[in-house]
Amino acid sequence: MRKPLFSWVMLISVVTMQQALAYIPPTQFITKMMGDKHGGIKKVRVRSEVIAVEEDHPSTGYRFKETTVYDGVTNTLRSWATDAAGNDLYGVIRGVTNMPAGVAILFDSNSAQLVAALKGKGIPVKTQEDFAGIDDEATRSIKEATSLARLGSTVAWVIGPRGESPQLWVEKDTFLPLKLIYAFPSGYQGDVRYENYRFYREFPFPRLIQVSKKPNGPVVLRDELIEVTVTRDENSQEYKAPVKDVVGFTAAGNSAPDGVKDLISIYYGSVR
């Protein structure tokens, strides 16, 4: 018995859709698309409030304000934490050689530097050098540790093996980072999530960053955005605005409660 033409058309459509859904782009392409989102920026200034979370609820005791200034011309990041009175508590200066993966995925437009930062944290991004002598696309695809998964209702490319290994989750259509799993400096395997993106002069940035001390574990820190200023002209007054050079704990930082110092250590070991 012959099947109706409609049934064959439906079958072909389903197979075509499955093939399209099965395609996962190379990891180097994914990271390039991420970096392209940051192209042309000269300076980004971010202000936010970092809040300790206990049992999935913000703690009323431990929090601080942070200011981050990323210079796209020199690829340098300065960030400092202040208390409610405006006293500097702690600060860092990051450059090309020590740019954390969590910073690179939000600011860096240089795909090579972005890949280096991710590889440094165990995220298996593959480059042309990794495929030297391998011309077969099928073989290249097998060597890529990538998959397609859902984070809530969002579909994402996942770079990294399944389980609790280092991973980067990237939104499928926008190529915005959603989740980063890697070993924090303190030794535990952490989970950083980037949520509620908005665009500032065409520069995307999350309004909320949440940190867990283990993959899919309870949230211990919320980084709530206050404002973002994006500069695309290095001759502007915005670009020339002064920045602070604070490194390590200050005298006020050393005198802060242990809970605040612990919160600062978690934040600068995972987010900045």
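Of the 56 residues in the largest nonpolar core, Ile105, Phe107, Leu118, Leu168, Leu180 and Phe205 touch the most other members. A nonpolar core is a set of buried Ala, Val, Leu, Ile, Met, Phe, Trp, Tyr and Cys residues joined through side-chain atoms within 4.5 Å. Buried here means under 20% relative accessible area, exposed means over 50%, and partly exposed is in between, with a 1.4 Å probe and protein chains only. A second, separate core has six residues, including Ala149, Leu151, Trp169 and Leu178. In soluble globular proteins, nonpolar side chains tend to be buried together.

The model is predicted: local features need pLDDT of at least 70, side-chain atom pairs count only at pLDDT 80 or more, and totals for chains, interfaces and linings use all residues. Residues are numbered from 1 along each chain as its sequence is written, and side-chain values use heavy atoms, with hydrogens and water left out.

Phe107 can serve as a way into the main core. Leaving aside neighbours within four places in sequence, Phe107 is in contact (heavy atoms within 4.5 Å) with His38, Ile41, Val44, Val46, Thr68, Tyr70, Leu77, Phe203 and Phe205. Phe205, like Phe107, is among the core residues that touch the most other members.

Leu118, another of those core residues, leads to helix H4, residues 111–120. Helices (H or I, at least four residues) and strands (E, at least two) are DSSP runs, numbered from the N terminus. Which residues of H4 are buried? Leu114, Val115, Ala117 and Leu118 are. They lie on the same side of H4, because they cover an arc of only 160° around the axis. The arc is that of the directions from the helix axis to the C-beta atoms. An α-helix has 3.6 residues a turn, so residues three or four places apart point the same way. On the other side of H4, Ala112, Ala116 and Gly120 are exposed. The buried residues of H4 are covered by parts that include H2, helix H3 (101–107), E7 and E8.

The two ends of H4 have features of their own. At the N-terminal end, Asn110 acts as a cap, with a side-chain oxygen 3.0 Å from the backbone nitrogen of Ala112. Just after H4, Gly122 has a positive phi of about 85°.

H2, one of the parts that cover H4, spans residues 27–36 and contains Phe29. Phe29 counts as partly exposed, at 38% relative accessibility. Its C-alpha atom is 9.5 Å from that of Lys126, although the two residues are 97 apart along the chain.

Positive phi values also occur in residues other than glycine. Phe175, in the loop between strand E7 (167–171) and strand E8 (177–183), has a phi near 60°. Arg201, in the loop between strand E9 (189–200) and strand E10 (203–212), has a phi near 50°. Is each of these residues buried or exposed? Phe175 is buried, with a relative accessible area of 10%, whereas Arg201 counts as exposed at 51%.

Polar side chains can be buried too. Ser48 sits in strand E1, residues 43–54, and counts as buried because its relative accessibility is 2%. Its side chain makes polar contacts with the side chains of Glu66, at 2.7 Å, and Asp223, at 2.6 Å. A polar contact is a pair of N or O atoms within 3.5 Å; within protein, one must be able to donate a hydrogen and the other to accept it, and residues adjacent in sequence count only if both atoms are side-chain atoms. Beyond four places in sequence, the residues in contact with Ser48 also include Phe64, Leu225 and Tyr267.

Charged side chains come last. Side chains of opposite charge can pair when their charged atoms come close. How many salt bridges are found in the whole structure? There are eleven, each a side-chain nitrogen of Lys or Arg within 4 Å of a carboxyl oxygen of Asp or Glu. One of them joins Asp88 and Lys244, whose closest N and O atoms are 2.9 Å apart. Asp88 lies in strand E4 (residues 88–94) and Lys244 in the loop between helix H6 (237–240) and strand E12 (248–249), so the pair ties together parts that are 156 residues apart in sequence. Asp88 is partly exposed at 21%, and Lys244 is partly exposed at 34%.

Another salt bridge pairs Asp191 with Arg193, at 3.5 Å between the closest N and O atoms. Asp191 is buried, with a relative accessible area of 0%, while Arg193 is partly exposed at 23%.
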